[in-house]
Amino acid sequence: MKREVRVSVRNLVEFILRNGDISRKMGAMQDVDAMQAGSRAHRKLQKQGGSHYQAEVSLKRKVEVDETLDIQVEGRADGIITNPADAKDIMVDEIKGTFTKLEAIEQADILHVAQADCYACIYANLHELEKIKVRITYIHLETETVKTFEFERSREELESWFQNLVHQYARWAKWQIQWQELRDQTISTLLFPFEYRLSQKRMMNGVYRSIDEGKNIFIQAPTGTGKTLGTLFPSIKAMGSGKCGRIFYLTAKTITRTVAEDTGKLLREKNLRMKFITLTAKEKICPLEECQCQPEFCERAKGHFDRVNEAVFDIINHEDGIDRECVLDYAEKHQVCPFEFQLDVSLWCDVIICDYNYVFDPVIYLKRFFTDAASNMVFLVDEAHNLVDRAREMYSAALYRRDFDKVYRKLKPVRPKIARKVHKCGQYLKDYQEEREMNGGRYAVVREVGKFVLSLMRMVSDMEDYLREDMEPDLRETVTDLYFEARRFINTYDLLDEKYIIYTEGEGGDAMIKMFCVDPSGNLSERIGMSRSCIFFSATLLPVQYYKDLLSGKPEADYEMYVDSPFSTENRLIFTVNDVSSRYTARNQEQYERIAEYIRKIIRGKNGNYLVFCPSYAFMDQVFDVFTERELAKAGHGLQVFRQESGMNEDERRAFLENFKEKPHETILGFCVLGGIFSEGIDLKADRLIGAIIVGTGLPGIGSEREILKSYFDEKKGRGFDYAYLFPGMNKVLQAGGRVIRSEDDKGVIALMDERFNYGSYQRLFPREWIPFQKLNRDSVEKNIEKFWTEQVNTL
């Protein structure tokens with residue numbers, strides 16, 4: 001049976017024709033079109049073409065490779081220019097935006113010309129033109145001046161070149177067809193590897209239905225319901241039925257990526273043939289001590305693009321589970337950059353496990369996957385509650401006065417002209433600061449930054465040229481850092497709408513201006529709209545409307561599902577108290593002593609592993625000191641106490657968690673920060689953790705951004721406090737509580753220690769599996785905990 005493979009013009013050209021070195025010095029500057037794709041300058045230039053300029057012309061061409069394969073090449077030409085006096089006089093226009101001074105562009109980039117030639121070949125063939133013209137148009141994004149390069153091509157020479165290009169791609173297309181046939185065959189026979197739980201099966205049905213109908217869904221699924229397998233398995237089945245082409249498993253933390261990897265390994269052990277790849281951040285996979293992506297510093301950067309395609313073909317022919325170590329092994333074998341190599345490999349994989357950034361961040365996202373809006377991808381967004389703050393960060397941009405001052409001092413002796421432009425930009429931040437200080441505010445909303453952005457564009461333009469020159473590494477690093485931050489600010493300015501607030505705060509070198517994306521739903525929806533279906537899931541998506549509002553551009557059209565916990569309420573004791581407060585005004589020695597007494601009484605109920613979650617490091621230190629001074633001796637023998645330290649590295653985190661062993665013969669008590677590294681994502685199953693003592697409601701500290709959010713959502717929703725403080729705070733509480741019940745046989749205690757947990761507004765955010773709960777005090781807590789553990793023993 002004859003098969004057909006589709007490839008975009010851009011992907012075809014960049015994949016087959018790229019060559020030479022990786023160079024940050026040039027690479028950053030060459031990706032100019034991706035940076036401003038669809039920008040106002042681009043569209044303006046198309047409109048100026050007049051009635052004889054057709055913009056965004058869709059073109060496609062099917063090439064018969066042999067009796068088994070057709071390859072369809074498709075894309076959109078920026079412009080087709082017709083001559084009213086001669087119907088055969090046609091020009092294909094390819095527009096590229098740049099900050100580089102136009103006089104520095106001596107010739108058109110080979111890849112830009114190749115893209116235009118592809119469109120010219122397709123158009124000439126379609127309209128039977130013997131000759132056709134090609135124009136590469138560079139538009140300077142600051143001045144909007146234009147420089148063009150024109151070429152005339154014969155249909156014959158274009159056809160020969162194009163056929164050769166497509167036939168070079170054919171071996172990859174044939175591999176892809178053979179692989180997908182094998183993959184789909186194994187998907188069709190794949191069985192669920194465990195006995196179905198009713199709640200898990202319901203979740204899988206919801207995922208499959210959402211993909212089938214091309215809808216998004218928000219799934220609140222308690223810890224232990226098997227969310228990773230429960231979302232991956234139906235997505236894989238949907239892929240086997242042709243309902244999706246690629247699955248992105250998106251995470252916020254390394255540990256959840258490991259769970260997805262393990263799930264893929266489990267399914268491959270059940271005879272599934274699928275290619276899973278895990279993408280690793282550059283700084284964690286670069287073999288150099290410091291990432292310097294230039295051929296003079298890195299042998300692998302030199303000639304990387306000459307070798308990388310063979311490296312890709314090697315790994316995809318021999319590996320199905322491609323993790324960090326696998327990437328490093330093949331990168332070493334072929335002497336290519338492991339970071340860039342893994343990105344190329346991902347194009348040929350079925351499941352891509354990666355950080356949110358690779359899909360949603362406007363700078364970091366994998367552009368190669370988003371040139372075709374009909375790419376039929378499915379996004380599985382794990383721990384989706386984290387995406388709210390992460391998305392705000394991705395779509396915001398900030399600049400600091402100290403960075404301008406630093407670059408100004410370094411450039412003044414060697415490039416005074418650029419230094420003056422840097423100084424002028426820094427002066428804007430100083431002016432914003434002085435105006436705010438005159439009005440006496442901790443922060444101030446800035447209404448207009450257009451002139452500042454224009455100055456930034458002029459500065460960036462000069463920097464772009466300067467960074468092409470040779471210079472000492474420290475100066476290059478300093479200038480490059482500011483260049484990228486300024487460029488991000490300029491690009492973010494293009495996104496500004498009513499969901500942004502621009503504000504300034506800080507003094508001296510810390511003076512800052514920020515375009516703060518308070519509601520990221522609009523920006524996220526643009527990327528989500530390029531998928532077939534987006535599955536948001538977490539143990540803590542309460543209230544679901546809050547997350548739908550902030551993560552989806554069309555919350556009323558999205559599905560939502562609450563998956564009931566499969567575990568018995570008999571296995572846990574959840575209680576609140578009314579004589580503890582973590583409010584700032586109530587923090588005193590008496591409160592710390594009362595909390596320490598509660599901790600002692602809770603852990604006396606049963607030897608085992610416990611975590612105490614406190615609202616801050618300072619609060620934790622106070623409770624820790626009081627407990628070790630007053631209560632430690634009363635708690636009995638065989639008690640070890642540990643404390644989370646600020647800035648722990650991965651080895652230190654691992655060492656901390658290794659204290660919590662299975663079948664403990666003594667009591668291990670760990671003090672942690674609520675919302676920190678140990679309050680979500682860690683997996684202490686069975687008796688590795690039998691109690692979580694949560695002190696405080698997790699409300700974020702009062703600060704400029706929280707107050708901005710409060711004001712914004714007061715105006716938009718009439719619920720400013722809820723959106724800025726209550727919902728994010730309670731999410732931390734629910735995540736910490738979820739550390740206790742991790743598997744079907746887990747048993748444990750969750751203590752909610754703050755008087756506000758007795759308020760209706762807080763209890764309405766308790767998940768179903770926390771109902772019923774008890775209300776205890778210092779006199780009743782010890783007796784009730786002893787009773788709970790006695791009942792657990794009696795039911796064994």
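**View 1. The buried residues of helix H11 and what covers them.** In this predicted model, helix H11 buries His304, Val308, Asn309, Ala311, Val312, Phe313, Asp314, Ile315 and Ile316. The cover over these buried residues includes helices H1 (9-17), H6 (155-189), H12 (324-334) and H13 (338-346), together with strand S10 (321-322). H11 itself runs over residues 304-318, 15 residues in total. From its first C-alpha to its last, H11 reaches 21 Å, close to the 21 Å expected at 1.5 Å a residue.

**View 2. Helix H12 and its packing partners.** Which residues of H12 are buried? They are Cys326, Val327, Leu328, Tyr330, Ala331 and His334. Have a look around them and you will find helix H10 (282-285), H11, S10 and H13, against which the buried residues of H12 pack. Just after H12 comes Gln335, and its phi is positive, near 55 degrees.

**View 3. Gln433 and its neighbours.** Our next stop is Gln433, a residue of helix H17 (residues 416-439). Is Gln433 buried or exposed? Its relative accessible area is 8%, so Gln433 counts as buried, the cut-off being under 20%. The side chain of Gln433 makes a polar contact of 3.2 Å with the side chain of Arg401. Leaving aside residues up to four places away in sequence, Gln433 touches Arg401, Gly506, Glu507, Gly508 and Ala511.

**View 4. An open sheet of 7 strands.** Follow the strands across this sheet and the order reads S21-S22-S20-S23-S24-S19-S25, with parallel pairing. Strand S21 (639-643) and strand S25 (774-775) are the edge strands, each pairing on one side only. Zooming in on one edge, strand S19 (residues 572-576) pairs with S25 in the parallel sense over 2 bridges. There, Thr576 stands opposite Lys775 in S25.

**View 5. Helices H22 and H26 packed on the sheet.** Which strands does helix H22 (residues 589-603) touch as it packs on the sheet? H22 touches S19, strand S20 (609-614), S21, strand S22 (667-673), strand S23 (691-695) and strand S24 (748-753). The direction of H22 makes about 140 degrees with that of S22. Helix H26 (residues 720-737) also packs on the sheet, where it touches S20, S23 and S24. For H26, the angle between its direction and that of S23 is about 160 degrees.

Terms used:
Residues are numbered from 1 along each chain as its sequence is written. This is a predicted model: local features need pLDDT of at least 70, side-chain atom pairs count only at pLDDT 80 or more; totals for chains, interfaces and linings use all residues. Side-chain values use heavy atoms; hydrogens and water are left out. Helices (H or I, at least four residues) and strands (E, at least two) are DSSP runs, numbered from the N terminus. The expected span of a helix is 1.5 Å times one less than its number of residues. Buried means under 20% relative accessible area, exposed over 50%, partly exposed in between (1.4 Å probe, protein chains only). Contact means heavy atoms within 4.5 Å. A polar contact is a pair of N or O atoms within 3.5 Å; within protein, one must be able to donate a hydrogen and the other to accept it, and residues adjacent in sequence count only if both atoms are side-chain atoms. Two strands pair if DSSP finds at least two bridges between them. Axes are lines fitted to C-alpha atoms, for helices over the stretch in contact, and angles run from 0 to 180 degrees between N-to-C directions.
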